[in-house]
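Student: I'd like a close look at just one part of this protein rather than a quick tour of everything. Could you pick out a helix and walk me through its surroundings?

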Amino acid sequence: MKNKKSLKKNIIREIINTKSRFISIMAIIGISVGFYTGLRSASPSMVETARQYLNDQHLADISIISTVGFDDDDIEEIKNVDCVEQVMPSYSADLIITQENVDSVVRVYGLPQTTDTNTDVINEPVLIEGHLPVKDNECVIESYYLRMANLKIGDTIRFNESVEGKETADFIKHLEYKIVGVVDTPMYLTYSRGNTTVGNGSVLFYMMIKPDEFCIERYTNVYVRTRASSAGVSDYSDEYADMVEQDVKDIEAVSGSCVERFNVTTLADAKKELADAQKEYADKKQEAEEQIADGEKQLADGEKEFADKITEAEQKLADGQKELDNAKQQLSDGQSEASEKLEEAKQKLTDAQTQYSNAQNQYNNAKLEYDTKISEAQSKLDAAQKEYNNQYTIFYSSTKPNAETKLTLMKAAIDGCNDLINKTKTEIEKLKSAELLTDDIRAKIEEQNAKLDEYQNKLDEYQKQYDEGSRQLAEGEAALADAKQQLDAAQTEFEEQKAFGAAQLNDAQNQLNDAQSQLENGKLEYESAMTTGMIEMQSGQSKITEAEKELENGRKELEEQKKIGLETLKLAREKLESGRYEAKTGLEEAEEKLNDAQDAISSLENAKWYVYDRDENPGYSGLTEDADRVDNIAVVFPAFFLIVAALVCLTTMTRMVEERRTEIGTLKALGYSNFDICKKYFIYGSAAAVVGSIIGGFIGVFTLPDVIVSTYGMMYILPDTALVISWDSFVMSALIGIVCTCTVAVAACFRELKINPATLMRPKAPKPGKRILLEYIKPVWAHMNFTSKVTARNLFRYKARFLMTVIGVAGCTALIVAGFGLKDSLTVIADRQYGELTKYDQIYALSETETAEKKSYLISQFRKDERLKNVLLGYQGWTDVYGKEKADKMNLHIIIGQDIEEFENMFVLRDRKTHEKVPLDNDGAVINERMSEVLNIKVGDTIHLTIDSDPYTCQVSGIIENYAGNYLYMTPEYYRTVTGKVCKYNVVFTGTDPQYKDVEREIANDWMKNDDIVTVALISEQVESIKDTLNSLDFIVFVMIFCAGLLAVVVLYNLTNINIAERMREIATIKVLGFYNLETANYVYRENIILTGVGGVAGLFLGSMLLGFIIQSIQMDMVMFPKEIAPLSYVYGFLLTFAFSMLVNFIMYFKMNKISMVESLKSIE
Amino acid sequence: MMKNFVEFDNVYKRYQMGEVVITAADGVTFSINEGEFAVVVGLSGAGKTTVLNILGGIDSCDEGRITVGGKDISHLNKRDLASYRRYDIGFVFQFYNLIPNLTAKENVELATQICRESLDADTVLDSVGLSERKNNFPSQLSGGEQQRVSIARALAKKPKLLLCDEPTGALDYNTGKTILKLLQTKCREDGMTVVLITHNSAITPMANRVINMRSGKVISNVVNPNPLPIDEIEW
């Protein structure tokens, strides 16, 4: 075999020359392997630490307690069980100490002792300081409390004299014990000290005293080591669990006979005593009852007599009243009659008066009319007389003389005429006579004739006028006479009429006068009648007043008598009551004593042994759960890490082979075999991977488990970490690293070797530029500036690197987001559970013997406490629920609220996603989401449950949001439907008024003084302890973020490094062109920044998915982990990634500045 | 026309190679006038490239003084050197050193975008006869074309001094000739000062000035009053 010495040298030189690459491959594989192995080792280390501790301190495999304690015979029986190796009987008691006015419960244990069969001390405490008790009044206390309470060795613990009505002296011999040492016990792995039935319900700390300090008759605890621990099987193994399970059954089998023995001896005696006492009590009770009955009878008789007498007196009074009423009635009747009559008379009188007035009026009117008429007639008459007188005077003074004158004249005229006529005639005759009748004479005769005619006519006329005048005169005279006559007649008549009217008026006047006198008489009569009536009435009234007075006196007397009677009766009754009360209290006391005795016996009755394995110890089982949780995270995170690391190695190695292509070509040309050529890269890769794995694994294993176990150690009391290396994890992760690196190296190498040596020896042409898709989208491309275009092209030029960077950065962001998200999710549990869902603040457990009345009384008392907001009487119990397959079983709380309204105030039943209210009705029970998931139960399904060991089935009507614990809620009515029993309420849920939140503990302590309340649990204290647990997760989150940062830095460094190396010439060229350093950096980093951005965004989604996966894998039966990422966590994830990216860029900046233009641009040899 | 536009005064440059010290420039002294086409000729390892790199501001000297256009560049800091390269120098390399991811035009633009006064990329590419190939990537161009892009990139910056390091070294005879012709034309027509290094002394007749180097020393600095056009030179 030829020694290919130069080839070996080549490999070593290669490593030395490219040490930064070699180291970076080493680092990334180292980190991944270390992280993975370290985290995977944490869980087994944690378990192993606990296991060794428990083994060293000989923690009992089984602990037994009994409702009645144990005696030596019981211990013997237990010893005789096959599997039992060692038995240690012991004592414990929960006693009370008062510090700064607060009562606290201390659990006092008997110091574990060696037993006759074995020198190992079961539950051996670890002495941390001082010494174990030697003297009687010495004690050791736990280290945690010593620190917390600032106590020191030499201080004294002083107990109260009584514990819940019992004497402390009944339990232990002294009241004061001096602290002489500080211990830890394997019985408590966590800081939770458990619950108790005394005091405020929770144990503050434990202490140990010498066992013979206890003055309890029977042992309270028995600790057993079985074949399981001596068989050498690991404490936490399934094998151990199976073995102990069998052992528990074996011991339980013995318990039957022991309990039976107890029942026939101790219990039977006690029962007999009780029976005697009960009989005596019954006798006394009867006697007292008889006496009371007598007294009651007497009192009743007295009451009856009193009542009779009163009735009689009242009857008499009633009669008198009746008479009086009658008299009153009569009087009032008479009164009304008289007044009626008077009224009538008055009416008549008034009528008469009216009539009289009317008549008077009429008379007056008539008289007035008469007077008027008379005066009218008189004046008419007077006027007529005056007229007549005037006419008469005129006629006789003027008319008649005038007329007579005229007439005379006329006569004269007539006579003249007659003369004329006669003369004429004479003439005529003369003429005629003249017989010489000449014409003249004829004419003259004629003329005389005509004159004659005229005279004649005149005469006639005159005659006529005369006649007329004469006649008229006569007529006037006649008329005057006539008038005179008429006037006289009228005068007569007037006189007559006047006389007649006066007579009539006179009559009327007489009548009126008569009526007036009658009216006066009537008035007088009426007035006298009225006066008489008045006098009569007054006398009646005074009689009635007298009678009333009499009656009132009678009544008063009766009242007085009654009062006296009642007083007497009252005194009698009081006497009876006090007698009865005395008897009652006496009896009650006696009864109470009897009840106590009865209780004591019933507590002894149904004696039962409880045989517990280590799972009952919360620290023991919690530790494995916590370890599992760590392991679940330990798998997910580093695995993810490993994938990214593998990808980075892949790129780096590919690049390396490409860089060495000339060399590969040369070697090939020289005639080296492919194997020889590949060997270099294989060795290079595997050397880096192996060395990295070993260094990383070493660091990981020696730091992480210790860090994590001690973080959890804050919650557990454990000694120093016992390291268990998870070799399979180491080998697996190292193999992945090595295989990835080497395979890639060899594969890349072979790819190059396919090309002929001549081509290989020529430098590989730089990847040609290509148009990218974006350039064809003209509007976009045209608007991009020059450097953006260059960057865009470069991004797509190296697609593999693009992908690699994005994946690496995304991985980093995802880890950070998931880390923060994990914290968010866990914080949400406490916040949601106790901020939004659980609205009550305290749970008070009631003593089981309470009656329904007493409970409702208690509730009313609670309601009166103004510091409390809501009060709900309820039932809380444990139940086993089975899924569809019987194997799926879950132990959970069943909660029933008496009052649905109050219930809804304290328990928010809602859907997790929609927040819609889930109604609780009488048709089914409501369960929480986690339980439905674990048991695969849906709404409408039927579930099987066990309450008080009886099986029932019920319908599921709703599924609600809940995070901590598993609960089944139903209404009291549905409980009755399901079980056929009435719900026995045993707890009170209360809410604290917000302003009293600070003093919750005091409120609880106040209530604990009430004898009916057994324990109290404060939600706020539970929240605190949960928050403490969650806070310890902060560290894990920090580790994750740190590692993510490491990952980001390594990935980005590698990729940027490759990027720069590949583009060395390009960078040198632009430097020659006169680009300043920053401009050059910008030219290269622009891509990095964009890639980081893209990777970061992708990482946000990836992180959400990763968290979902983690949450899924750390889910526990008891707790529902929601997947929650706060927006800020995304921001942190993104920003941190960028910060890491910037850090890398900053480092690379210097490297870039160092690029020598001369060297890079040298003609390629 | 400035005399002694470029002046090297007793310049030394030494490289430490392991335990051996190589003196690449050993008291180099010469000067070049403005607008001259100077050829530095010598065998491989004579120190030509070192001198050119120092003159171009991509390398520094250990001793001596260099002035370009009256400005002392031998004691500039890194940033000032970058500015000097940016504004005063155009470089043409044997292997072109184009950015493979950029087209011909973009390669030119890469230079112009950082200069205060630059020529239009299209114009310059037209002037070097590449109007048709502006949008091609370097890998799509022949060697001569790539070198023309490289020259265009240098010219586009309007440098005071054009430095060419064996520009025809990777080209065939005819292509080399056209490149030299292009350079000569640019020098004559634009009055550009050109310094070209070559190991091929056959092309010295085309220069205004011929500087002969050997073992890091200038052994002659001859002015050629009648340079020949490149077409008349054969080798």
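Tutor: Here is a walk around one helix, with a few other spots to set beside it. Keep in mind that this is a predicted model.

Let's set the scene. Chain A has 26 helices and 24 strands. Of its 1165 residues, 32% are buried. If you take the contacts in chain A with a separation of 6 or more, 85% of them join residues 24 or more positions apart.

Our helix is α15 of chain A, residues 799-837. Run along α15(A) and you'll meet a kink of about 30 degrees, centred on A:D831. Now, is α15(A) enclosed or not? Count its buried residues: 28 of the 39 are buried, so α15(A) is largely enclosed by the rest of the structure.

One of its partners is helix α25 of chain A, residues 1127-1153. The two axes come within 8 Å and cross at roughly 145 degrees, and the crossing is right-handed. Want to find the contact on screen? On the α15(A) side, look for A:V809, A:C812, A:T813, A:I816, A:V817, A:F820, A:G821 and A:D824. Facing them from α25(A) are A:S1129, A:Y1130, A:Y1132, A:G1133, A:F1134, A:L1136, A:T1137, A:F1140 and A:S1141. Sorted by type, the residues of this contact are 10 nonpolar, 6 polar and 1 charged.

For a second helix pair, go to α3(A), residues 72-79, and α6(A), residues 238-433. Their axes are 10 Å apart and the packing angle is about 155 degrees. Angles over 145 count as roughly antiparallel, and therefore α3(A) and α6(A) are roughly antiparallel to each other. This crossing is right-handed. Here A:D73, A:D74, A:E77 and A:I78 of α3(A) meet A:I251, A:V254, A:S257, A:C258 and A:R261 of α6(A). That contact splits into 4 nonpolar, 1 polar and 4 charged residues.

Finally, two loop residues to click on. A:H58 sits in the loop between α2 and β1 of chain A, and its phi is near 55 degrees, a positive value in a residue other than glycine. A:N936, in the loop between α18 and β20 of chain A, has a positive phi of about 55 degrees and is not a glycine either. Are they buried or exposed? A:H58 has 20 C-beta neighbours inside 10 Å, so it counts as buried. A:N936 has 11 C-beta neighbours inside 10 Å, so it counts as exposed.

Methods: Residues numbered from 1 in each chain as written. Chains lettered and ligands numbered in written order. Predicted model: local features only at pLDDT ≥ 70, side-chain atom pairs only at ≥ 80, totals over all residues. Axes fitted to C-alpha atoms, helices over the stretch in contact; angles between N-to-C directions. Helix = DSSP H or I, 4+ residues; strand = E, 2+ residues; numbered from the N terminus. Parallel < 35°, antiparallel > 145°, perpendicular 65-115°, else oblique. Left-handed = near helix turned anticlockwise from the far one by under 90°. Contact = placed C-beta atoms within 7 Å. Nonpolar A, V, L, I, M, F, W, Y, C, P; charged D, E, K, R; others polar. Bend = angle between axes of the 7 residues up to and from the residue. Buried ≥ 20, exposed ≤ 12 C-beta atoms within 10 Å, placed from the backbone.
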